[in-house]
Amino acid sequence: MESLKVRRKSLIWISGLTCNGNSHSFLSSSSLSFDAFLNSVNILFHPALTYDREFKDIYKDILEGKLKLDFLIVEGAVSKKKTKVYFQGFDIYEILENLKNIAEYIIAVGNCASFGNFPALYSEDVVGLNFRFNQRNGFFEGDFTTKSGMPIINISGCPAHPEWIIKTVLSLSYGYDLKLGSLQRPKDFYMYLTHDGCTRNQYFEWKVEAEEFGTKEGCLFYYLGCRGPLTHSSCNKILWNDKSSKTRAGMPCIGCTEFDFPLRGKYFETKLNIGIPEEVPLGVSKRAYIMLSGVAKTFTNHRLKGKLEEAD
Amino acid sequence: MVRKLLKEKKREEIVKVASRLFSERGFYNTTIPDIAEAVGMSVGNFYNYFESKEDLAKYIMQYSSSILGEEIRKISQMDVSTKEKVFLIVRRFIEIAQERPELIDYFLRIFLSNREVFSEGCEGFLCVGEVVTELMLFLEEGARKGDFRQQDFFPAFVTIMGPLGGLVFLKGEGILPKNPIEYANEIGENIWRALKSDEKV
């Protein structure tokens with residue numbers, strides 16, 4: 001049987017300017033997924049997971065060609081300037097320069113590595129790997145591609161969903177074709193909106209609004225600032241911990257997978273002008289949205305009026 | 001295509017005549033034979049255009065709303081200041097009231113006075129959706145630009161529609177000393193001052 005054994009792909013995970021939220025998220029993946037991941041991927045180094053070898057030794061082996069590097073995972077924003085951000089005693093600037101032509105794939109995990117996110121607000125030279133917000137002037141500029149021919153793959157989110165990280169790496173390991181959107185995020189996870197699969201869709205349709213957090217009833221859009229209809233994510237399709245999502249728990253989506261996440265502020269407020277939302281769901285005109293919501297508000301869906309537990 | 005256009009034209013003709021008859025005689029005192037006769041068509045033929053008197057009554061409201069909504073939309077999309085748009089909307093409303101008095105009369109004397117006729121399929125904003133939508137878009141844009149003060153939609157909405165409705169009502173009662181259009185600028189100024197943000201002049 002030995003001949004059938006396939007070499008596990010190798011991966012190192014490095015951290016820039018980060019709260020390590022994506023590492024925490026990754027560690028919260030389901031045991032089934034994580035098992036599958038470990039069966040296919042050899043994690044050579046992760047700052048919170050591996051302990052048998054030091055980073056400097058693995059890094060040296062990779063640079064000397066003794067170890068092949070399939071996946072370079074970067075968590076956190078980085079700097080376009082030297083000697084600003086360090087990882088395990090090495091300048092991240094140099095790590096990225098040295099590994100950019102060695103790693104088969106480079107994956108930005110989380111909004112900081114993808115778009116710069118909050119750290120980028122504080123300095124012009126702080127960036128994501130390929131983007132700074134929605135501009136392609138990150139650490140690697142323009143149409144940079146890695147050895148595999150793929151551009152930097154962004155798994156955005158603050159943090160990124162563990163299943164998106166795992167399934168992206170596994171898809172590439174298995175040789176599947178990975179389709180990316182304009183912000184270089186895998187379509188499989190980001191072609192959906194948070195709104196898709198939200199258990200409150202009926203409340204949205206009939207314009208029955210929640211006025212407080214944590215309830216099972218009501219749409220979180222109008223009063224509580226939910227960004228579900230404007231945010232690309234599959235949070236309500238691939239649930240967190242296989243169980244739930246923000247909106248299912250009565251917490252509005254705060255749009256953390258989008259490049260403008262740190263630029264917005266007021267996360268629990270839908271900006272209204274004379275009572276009309278300034279932004280409307282993606283894909284419809286404001287005129288169409290207002291017209292439809294006006295019609296919906298005229299009618300009453302009696303099932304949605306009271307507590308769900310008491311509804312027939 | 002020609003057939004469809006002809007049918008549409010005929011429907012407009014029926015609307016024009018019926019809204020006048022309804023306003024003059026009242027909804028219940030106007031019969032389909034009355035309307036058919038005034039249009040010059042057979043009663044049987046009338047039913048090719050509308051299923052019932054109620055159906056016609058609702059259509060007249062939708063028709064009026066789409067005319068006014070279209071005018072508000074045109075003004076909204078003009079490249080002029082929010083203040084000028086307020087004045088233009090007021091002026092255009094009064095002009096339409098003069099060009100099509102039967103539609104305004106219908107709104108005041110039938111739509112507002114016979115709510116039971118409109119209780120199914122025309123409740124709330126269903127038959128006047130276009131006017132309301134266009135005013136929402138207009139108000140939203142004005143507030144977004146900082147020209148209008150932030151407030152709830154309904155107070156702002158009645159601030160625009162209230163004076164206009166009042167003026168055409170007074171005109172209908174024959175007690176306005178001047179031609180309605182002569183009040184357009186003053187009403188425009190009143191509405192603008194009521195809605196504008198504090199720093200605007």
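Tutor: A residue is called buried if 20 or more other C-beta atoms lie within 10 Å of its own. The model discussed here is predicted.

Student: What share of the 201 residues in chain B is buried?

Tutor: Buried residues make up 34% of chain B.

Student: What makes chain B agree with a compact globule?

Tutor: The rule takes 2.2 Å times the number of residues to the power 0.38. For 201 residues this gives a radius of gyration near 17 Å, and chain B has 18 Å, so the two agree. Along its principal axes, the C-alpha trace of chain B spans about 60 × 40 × 30 Å.

Student: Which secondary structure elements does chain B contain?

Tutor: Chain B has nine helices and zero strands.

Student: Why is a set of residues called a nonpolar core?

Tutor: The name applies because its members are buried residues of listed types, such as Val, Ile and Leu, joined through C-beta atoms within 7 Å. The largest such core has 53 residues, and V74(A) is among those with the most contacts inside it. Leaving aside residues up to four places away in sequence, V74(A) touches seven residues, including I14(A), A108(A) and L129(A). A second, separate core of 52 residues includes V90(B), C127(B), F138(B) and A156(B).

Student: How do you know that chain A touches chain B?

Tutor: Contact requires C-beta atoms within 7 Å. By that criterion, 12 residues of chain A are in contact with 19 residues of chain B. Helix α11 of chain A, residues 286-298, gives the most to the chain A side, with seven residues. That side divides into five nonpolar, four polar and three charged residues.

Notes: Residues numbered from 1 in each chain as written. Chains lettered and ligands numbered in written order. Predicted model: local features only at pLDDT ≥ 70, side-chain atom pairs only at ≥ 80, totals over all residues. Buried ≥ 20, exposed ≤ 12 C-beta atoms within 10 Å, placed from the backbone. Contact = placed C-beta atoms within 7 Å. Helix = DSSP H or I, 4+ residues; strand = E, 2+ residues; numbered from the N terminus. Nonpolar A, V, L, I, M, F, W, Y, C, P; charged D, E, K, R; others polar.
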